[in-house]
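Welcome, and thanks for taking a look at this one with me. Below are some numbered notes to read alongside the sequence and the 3D view.

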Amino acid sequence: MVRVASAAGIRAGKLVHGTGRRIRRATSAEGAGESGLAKLIELHALNSFGDMLITIALASTIFFSVPTGQARGRVALYLLITMAPFALLAPVIGPLLDRIPHGRRAAMAMSMLARAALAWTMAGVISGGGIALYPEALGVLVASKAYGVVRSVVVPRLLPSRLSLVKANSRVTLAGLLATGVAAAVGGLLHLIGPGWPLRGAFLVFVIGTLMAFHLPHEVDSAKGEQRAVLHAEVHGEGSHLIHHKPPKVKASLRTVGPSVVLALRAMAAMRWLVGFLVFFLAFLLRTDPIGGLRPTVALGLVALAAGAGNALGSLLGSWLRTRGPEATVTAMLLVAACVTAAAALWYGVVTVVLVAGLAGMAASLGKLALDALIQRDVPEAVRTSAFARSETLMQLSWVAGGGVGIVLPLNGVLGLSIAAAVVGLVLLWTVHSLLRLGRWRHPAAPRVA
């Protein structure tokens, strides 16, 4: 028995070691290992793993363990409180990163350390599900989104010469999605031991992540060649201009990043709004009124699986953006989202609800990569990190706003999806109009994404 156990242990060790080598080889491909992008990919996978463990623990308390009416009230309160920090993040975190670019590794480490401390604290009170859980959960969410903003800023600093920014972001995002899938299974097993165990697992993950953040390359903290983004209305026509001297004191807007970027920001805000809406609206709707005679857990599982698969598919298709116009791509993704949402409202059922979850996830994922491509193409490198910070904050605010609408609407599938289709459809018309105008006066000399 000792020999058999020893042999099994050796085989397991070889399997783990071999898996680790294959993962490292995949993350280091195409120059990512030399540039340091591989370390960021691994850190982001760890971040997604820990966030998923916390999500599983909170969902069991805030969502599943109380009656539907109370759960809606709790989540609505959660989203309402969440809006305030994001409203502060929009005007604060971008300028803060512009002015203090040398602390990005420390900022990522602090976001990990804060979530580790909060996860450990929540593990002791999760079983009661009291009101004290909400500020702690809010702190976790703010720290997670702050990490997301900094991560978007860091990617261009670690970009290998053989990769486009689109493909690099696609690789980082896909690593996070894969880690989320693994964490869902691990978190489910830990929850069987006790409701606090996924949080204890998250504590360990984020402690490791804190240490890994400080091992990122020093280029992450480099501000060489960077300047602060000046986002103000154009006086001499539309377009993107880098101001080297004192900027004029005018009202702030997003127009100087270029009309193509503004178009993509508007379209992506609508898609992120739709994703947030679907997450919360379908979660409560399928819990009280499952479709097709399915049990609530089965219906929710199918929708979650479709959304995850759609996100992964969008990330895999991201490399196609190198040879296709990002403006057309983001508009096409908004068209897909509008059409599938309208179809789900007209023919409400199992198939259409699963399709709207999957295709909306794919559209949001691929649209975000198109937005990144436009920022890379149209925004000067000196202010690109600032533009990424503001873009990420806008996406998160749109997601929270969509979730808020999904909470307050009546739990009627046709009504809710019709309203969502109308909102996305209106933004689609606006985006198509902007795209046609853009095609009439666009300068052909604008460089494409390589």
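1. Let's begin with Arg151, which counts as buried because its relative accessible area is 12%, under the 20% cut-off for that class. This arginine sits in helix α6, which covers residues 133-154. Setting aside residues up to four places away in sequence, Arg151 touches Leu40, His44, Met108, Asn169 and Val172. Please bear in mind as you browse that this is a predicted model.

2. How confident is the predictor along the chain? The average pLDDT is 75, and 68% of the residues score at least 70. Residues 63-67 stay under 50, and the model gives them 15 contacts beyond four places in sequence. Residues 443-450 are also below 50, again with 15 contacts in the model beyond near neighbours in sequence. A word of care applies here: where pLDDT is low, the predicted coordinates should not be read in detail.

3. Now for the overall layout. The chain has 14 helices and 0 strands, so the pattern read along the sequence is helix after helix, as the definition of these elements sets out. Of the 450 residues, 51% are buried. Among contacts with a separation of 6 or more, 84% join residues 24 or more positions apart. The chain exposes about 20600 Å², with carbon and sulfur atoms supplying 69% of that area.

4. How many salt bridges does the structure hold? There is 1. The side chains of Arg115 and Asp51 form it, at 2.9 Å from N to O. Arg115 belongs to helix α5 (residues 104-123) and Asp51 to helix α3 (residues 37-63), so the pair, 64 residues apart, links distant parts of the chain. Both Arg115 and Asp51 are buried.

5. The largest nonpolar core deserves a slow look, with its 51 residues. Met271, Leu274, Leu278, Leu282, Val330, Leu334 and Leu371 have the most contacts inside this core. Helices α9 (259-288), α10 (296-316), α11 (326-346), α12 (350-378), α13 (381-408) and α14 each supply at least two of its residues. Which helix gives the largest share? That is α9, with 17 residues.

6. Leu371 is a handy place to start exploring that core, being one of the residues with the most contacts inside it. Leaving aside neighbours within four places in sequence, Leu371 is in contact with Val261, Ala264, Leu265, Met268, Ser391 and Met395. Apart from this core lies another, of 43 residues, including Phe49, Met108, Ala137 and Val140. You have met Met108 already, as one of the residues that Arg151 touches.

7. Finally, turn to the surface, where Leu415, Ile419 and Val423 make a nonpolar patch of about 190 Å². Val423 is found in helix α14, residues 413-441, and Ile419 is in helix α14 as well. Are these two residues buried or partly exposed? Val423 counts as partly exposed because its relative accessibility is 32%, and Ile419 is partly exposed too, at 31%. Ile419 also makes a nice marker for the fold: its C-alpha atom is separated by 9.4 Å from that of Thr341, although the two are 78 residues apart along the chain.

Technical notes. Residues numbered from 1 in each chain as written. Predicted model: local features only at pLDDT ≥ 70, side-chain atom pairs only at ≥ 80, totals over all residues. Heavy atoms only, no water. Patch = residues over 30% accessible without salt bridge, like charges linked within 9 Å, V, L, I, M, F, W, Y side chains within 5 Å. Areas by Shrake-Rupley, 256 points an atom, 1.4 Å probe, with all protein chains shown as cover. Salt bridge = Lys/Arg side-chain N within 4 Å of Asp/Glu carboxyl O. Helix = DSSP H or I, 4+ residues; strand = E, 2+ residues; numbered from the N terminus. Buried < 20%, exposed > 50% of the residue type's maximum accessible area, 1.4 Å probe, protein only. Core = buried A, V, L, I, M, F, W, Y, C linked by side-chain atoms within 4.5 Å. Contact = heavy atoms within 4.5 Å. pLDDT = per-residue confidence, 0-100.
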